[in-house]
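Reader: I should be grateful for a close look at one part of this model, beginning with a pair of strands and the turn that joins them. Please then follow the contacts outward from that part into its surroundings.

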Amino acid sequence: MTKIRLKYILLLGMLLVGLSPLHAQHSEMATTEIELDSLFVHLTKAESDSVRTIINDSILTIITDMMDNVESFNYPFERLDYFGKIYSTDHRLRIYSWCFPLAETLSFYCIIQTNDGGWQLLQNSQPTEPKENQLVNSRNWYGALYYEAIPCKFKAKKVKGVYYVLAGWGRATGDALNQYKVLEVLELDEENNLSFGRPVFKDEERLTRRRVFRYDAQTGMNVLYDVKAKAFYVDHLSPLKLTEDGQPLTYGVDMSVDAFKLKAKLWQYKANVNAKNQK
């Protein structure tokens, strides 16, 4: 065997040894993903609350164990169609969320994971529609599936930080007529303890901690972020169904669009904006 050939064999061996831990971790995550995929499929097909609860307990155990694997933050989980997973646009947060039906409600779960390995679990089996000026933390979380996470820098009393504006969807227990979208503010302290509700949403009449958009359960509504405009575009809601005495019972979109745009450190409301050229 020539010295050159021996050199390449040794080099290949060193590369394989160096890659083996990474390959093992990736293989472990892939196995976990397959197991979760099977459980989520069974969760959607289960025919009783007791069976759904048992399956979800297994899902929750696997996911919380998985959070301690450093590879989980960057693993794509492409197989999991029933498991929400989004990154904040600065890639410092990853938010996982899912829900499943019980007899008279939905049970919501959410995990907030940071890129330094920290994570927190939120859960609510009796979800409520959040109030616009309520302070919320992990103990009184209302329940939602989040699909946008936009970082926003702030400076207060010589302290610099970042909060995240979340867009999410939910449905309150006992309300068969309505669902809701929410614009929410998430903050994490130095120990990754989370809180919701920084008052940054402003219109002519009020400053609130969040905005909640209740609309008819049989219709759709958009609350979407546009990166170029630095604005959330929101379908405007008007009465859709009325009571016998003419009072609004539910709301639906009316083809006009409002916006919340970042200006002077606040997300300021603008009515009836032109969003034709926006995504």
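Author: In this predicted model, Asp226 has Ala231 of β13 as its bridge partner. That pair belongs to a ladder of four bridges between strand β12 (residues 223-226) and strand β13 (residues 231-242), and the two strands run antiparallel. In general, the strands of a sheet pair through backbone hydrogen bonds, in either a parallel or an antiparallel manner. Together β12 and β13 make a hairpin, with four residues between the strands. Within that turn, Lys230 adopts a positive phi of about 50°.

The residues of β12 lead to Tyr147, which is part of strand β5 (residues 145-156). The side chain of Tyr147 comes to 2.7 Å from the backbone oxygen of Val223. Tyr147 and Leu224 are 77 residues apart along the chain, yet 9.2 Å separates their C-alpha atoms. Both Val223 and Leu224 are among the contacts of Tyr147 beyond its neighbours within four places in sequence; the others are Ile86, Ala167, Gly168, Trp169 and Lys181. Tyr147 has a relative accessibility of 27% and therefore counts as partly exposed, since that class lies between the 20% limit for buried and the 50% limit for exposed residues.

A second side chain that reaches a backbone oxygen is that of Gln179, in strand β7 (residues 178-188). A polar atom of the Gln179 side chain lies 3.0 Å from the backbone oxygen of Thr219. Apart from neighbours within four places in sequence, Gln179 touches Trp169, Gly170 and Arg171, together with Phe213, Arg214, Tyr215, Asp216, Ala217, Gln218 and Thr219. Trp169 is thus listed for Gln179 and also for Tyr147. With a relative accessible area of 9%, Gln179 is buried, because the limit for that class is under 20%.

Ile86, one of the contacts of Tyr147, leads to another sheet region. Ile86 stands opposite Ile95 in β2. Four bridges join β1 to strand β2 (residues 93-101), and this pair is antiparallel. Both strands belong to an open sheet of four strands in the order β1-β2-β3-β4, with antiparallel pairing. β1 (84-87) and β4 (119-124) form the edges; each has a single partner strand, so one side of each has no neighbour in the sheet. From one strand to the next, the twist averages 15°. Helix α2 (residues 49-66) lies across β2, β3 (106-114) and β4, and runs at about 165° to β2.

Within this sheet, Thr114 is located in strand β3. Thr114 is buried at 8% relative accessibility. Beyond its neighbours within four places in sequence, Thr114 contacts Phe73, Arg92, Leu93, Leu188 and Asn192.

Several of these names recur at the largest pocket, where Arg92, Leu188 and Asn192, along with Val162 and Asp189, lie nearest the centre. The pocket has a volume of about 350 Å³, and its lining comprises 16 residues. β6 (159-170) and β7 each contribute at least two residues to that lining. The largest share, five residues, comes from β6.

Notes. Residues numbered from 1 in each chain as written. Predicted model: local features only at pLDDT ≥ 70, side-chain atom pairs only at ≥ 80, totals over all residues. Heavy atoms only, no water. Buried < 20%, exposed > 50% of the residue type's maximum accessible area, 1.4 Å probe, protein only. Contact = heavy atoms within 4.5 Å. Polar contact = N/O pair within 3.5 Å; in protein donor to acceptor, adjacent residues only side chain to side chain. Pairing = 2+ DSSP bridges. Axes fitted to C-alpha atoms, helices over the stretch in contact; angles between N-to-C directions. 1 Å grid on protein atoms, 1.4 Å probe; cavity = no way out; pocket = protein on both sides within 12 Å on 5 of 7 lines; lining within 4 Å. Points joined across faces, edges and corners; volume = space filled by probe spheres on them.
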